[in-house]
Amino acid sequence: MNDKRPNVIIVNVDDLGYADVACYGSEKNETPNIDRLAREGVRFTDFYACSPVCSPSRAGLLTGCYPKRLDFQLFDVYDPSDPEKPKDKFVVLMPGQPEGLNPAEVTIAQLFKKAGYATKAVGKWHVGDQDEFSPLRFGFDSYFGIPYSNDMGLQTPSGIFERMNYTICPLPLMRDDRVVEEEPDMPYVEESYCCEAVNFIRENKDRPFFLYLAHSYVHHPLYVDEEYRKKAGDLFGAAVAAVDRNIGVLVRELEKLGLEENTLIAFTSDNGGDLRSCNKPFRGHKGDTLEGGQRVDCIIKWPAVVKEGRICKEIATNMDFFHTAAEITQTYLDDGVIRDGKSLMRLLTDENARSEYEAFCYYRQNDLEAVRVGDLKLELRSGRLYDLSVDPGEENDVAAQYPEEVAKIRAVAQRYREDLGDDFTGTKGKNCRSKGFVKDFTFRTFKDEDYPNMIALYD
């Protein structure tokens with residue numbers, strides 16, 4: 001590996017489907033800049049988000065842990081006016097809530113910061129919106145973005161919000177811990193993310209940096225500049241095109257500054273796409289533990305280290321970014337904390353390297369629903385077994401042909417239940433930690449019927 005410490009950029013797209021970009025099979029969306037990353041780097045075919053929904057997945061990426069280990073799979077929903085008792089539960093964090101990523105957890109940004117890197121988070125955060133859970137408390141020097149999903153503002157509430165009778169407040173755009181705009185227009189926000197990223201790269205061109213760029217696209221509601229829409233032909237394709245264009249801007253800036261050779265760029269999604277996306281050849285979508293809910297794109301380009309044009313078919317996950325950072329920075333942790341990811345360095349540098357995962361666990365909320373060992377995936381409740389190497393769509397049950405393998409995977413699943421827990425079987429994990437909680441919590445913004453907020457015409 002090059003003696004000079006590399007710059008690292010992780011681009012985490014929201015709700016991007018497996019086949020929403022051309023190099024992963026899209027027949028609809030043109031993504032020349034993302035495709036270029038794939039041609040010049042390594043494209044993973046069996047890369048997983050550690051959860052099929054956003055808050056848990058992002059916590060796993062930041063910490064290198066299964067969200068279940070962090071108690072970050074299901075969240076209580078409180079009314080700030082009555083903070084003593086939760087009124088409901090939800091699968092992701094809602095605005096103005098007391099829960100978030102435990103401040104005791106070490107994040108990938110803290111590894112880089114400890115190694116002397118400049119660090120910045122841009123975009124969607126969604127692991128806690130109180131000051132105690134701010135990116136600035138987890139190793140980022142600065143932050144610019146929206147602290148949760150872009151559908152959690154004054155747009156027409158979904159049925160979920162209505163069911164919970166949840167208070168809806170203006171969507172906050174934040175710089176560090178300060179709200180700088182309410183209900184910002186999303187085309188402006190996405191372009192601002194790109195500008196923030198470019199300025200950060202320019203400001204730190206003479207020192208190593210870590211940039212975490214988490215797009216609000218392509219999560220609904222979508223509102224995209226008309227020029228993208230004219231070229232793409234539809235709203236969703238326009239959002240994909242905007243993400244692709246921003247990738248091109250980042251790469252061009254690295255080239256201009258002479259930084260491209262020793263910059264690692266990782267491109268991925270926080271979970272599978274929703275019903276508007278294309279997750280082919282998989283069944284399922286966001287929220288599912290079918291492959292379409294958790295198998296996602298991952299492309300890594302690093303010219304100084306990674307041979308171009310490679311395809312890696314080994315199991316890897318977004319939890320692995322943490323451990324890769326630890327190896328890159330030689331920030332080896334001896335804190336005794338159990339973590340679940342693996343370093344990607346061997347897979348990046350050795351074409352013959354094999355995955356270090358004994359198994360991959362598919363958790364939906366606090367239930368262990370499936371386990372993959374090698375190419376075989378077992379649905380634990382139904383007992384259906386799929387050979388993903390020939391049946392990625394999970395259509396043909398081969399359990400009767402491989403009874404010994406079913407028994408082996410069930411034994412593996414039981415070990416993970418004892419380690420991480422499983423509500424469905426009533427198993428309490430031995431090695432789980434608690435999420436963060438603050439007593440004094442409040443919304444970042446407050447609804448004022450007399451304030452002239454602009455509500456954009458979202459989809």
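Let me start with a single residue, Arg137, which is partly exposed, with a relative accessible area of 38%. Its partner is Asp177, likewise described as partly exposed, at 23% relative accessible area, and the two form a salt bridge in which the closest N and O atoms are 2.7 Å apart. Arg137 lies in the loop between strand 6 and strand 7, while Asp177 lies in the loop between strand 8 (172-175) and strand 9 (178-182), so the pair ties together parts that are 40 residues apart in sequence. I should say at once that what we are looking at is a predicted model, and that every value I quote is computed from it.

Let me step back to the chain as a whole. It contains 11 helices and 19 strands, and of its 459 residues, 62% count as buried. For 459 residues, a compact globule would be expected to have a radius of gyration near 23 Å, and the chain, at 21 Å, agrees with that. Along the principal axes, the C-alpha atoms fill a box of roughly 65 × 55 × 50 Å. If we take the contacts with a separation of 6 or more, 69% of them come from residues 24 or more positions apart.

Now back to the charged pairs. How many salt bridges does the structure hold? The count is 42, and I will add two further pairs and one network to the one I opened with. Asp76 forms a salt bridge with Lys89, with 2.5 Å between the closest N and O atoms. This pair links distant parts of the chain, Asp76 being in strand 3 (residues 75-77) and Lys89 in strand 4 (residues 88-90), 13 residues apart. Asp76 counts as buried at 17% relative accessibility, whereas Lys89 is partly exposed, at 46%.

The second pair is Asp141 with Lys113, whose closest N and O atoms are 2.4 Å apart. Asp141 lies in the loop between strand 6 and strand 7 (142-145) and Lys113 in helix 3 (residues 108-114), so this salt bridge ties together parts that are 28 residues apart in sequence. Asp141 counts as partly exposed at 36% relative accessibility, and Lys113 counts as partly exposed at 41%. As for the network, salt bridges link Asp46, Glu291, Arg295, Arg372, Asp375, Lys377 and Glu394.

Let me turn to strand 10, residues 209-214, where 6 of the 6 residues are buried. Which residues cover its two faces? On one side we find Phe209, Leu211 and Leu213, on the other Phe210, Tyr212 and Ala214, and all of these are buried. Strand 10 runs parallel to strand 1, to which it is joined by 5 bridges, and in that pairing Val8 has Phe210 as its bridge partner. Strand 10 also runs parallel to strand 6 (residues 118-123), with 6 bridges between them, and here the bridge partner of Ala121 is Tyr212.

Those two aromatic residues of strand 10 lead on to the rings. Phe210 and Tyr212 belong to one aromatic cluster together with Phe112, Tyr117, Trp125, Phe138, Phe140 and Tyr143.

Across the structure the count comes to 22 aromatic pairs. In one of them, the ring centres of Tyr18 and Phe282 are 4.7 Å apart and the planes stand at 70°, so the pair is edge-to-face. Where in the chain do Tyr18 and Phe282 lie? Tyr18 is in the loop between strand 1 (7-13) and helix 1 (32-40), and Phe282 is in the loop between strand 11 (263-269) and helix 8 (291-294), so the pair ties together parts that are 264 residues apart in sequence. Tyr18 is buried, at 6% relative accessible area, and Phe282 is buried as well, at 9%. Phe112 and Tyr117, from the cluster, form a tilted pair, at 4.8 Å centre to centre and with 55° between the planes. Phe112 is buried at a relative accessible area of 1%, and Tyr117 counts as buried at 1% relative accessibility.

Finally, there are two places where a charge meets a ring. Arg43 lies over the face of Tyr24, at 4.8 Å from the ring centre, and the charged end of Arg381 sits over the ring of Phe424, at 3.9 Å from its centre.

How values were computed: Residues numbered from 1 in each chain as written. Predicted model: local features only at pLDDT ≥ 70, side-chain atom pairs only at ≥ 80, totals over all residues. Heavy atoms only, no water. Phe/Tyr/Trp six-rings, centres within 6.5 Å; stacked < 30°, edge-to-face > 60°. Helix = DSSP H or I, 4+ residues; strand = E, 2+ residues; numbered from the N terminus. Buried < 20%, exposed > 50% of the residue type's maximum accessible area, 1.4 Å probe, protein only. Lys NZ or Arg CZ within 6 Å of the ring centre and 35° of its normal. Pairing = 2+ DSSP bridges. Salt bridge = Lys/Arg side-chain N within 4 Å of Asp/Glu carboxyl O. Rg over C-alpha atoms; globule rule 2.2 N^0.38 Å. Contact = heavy atoms within 4.5 Å.
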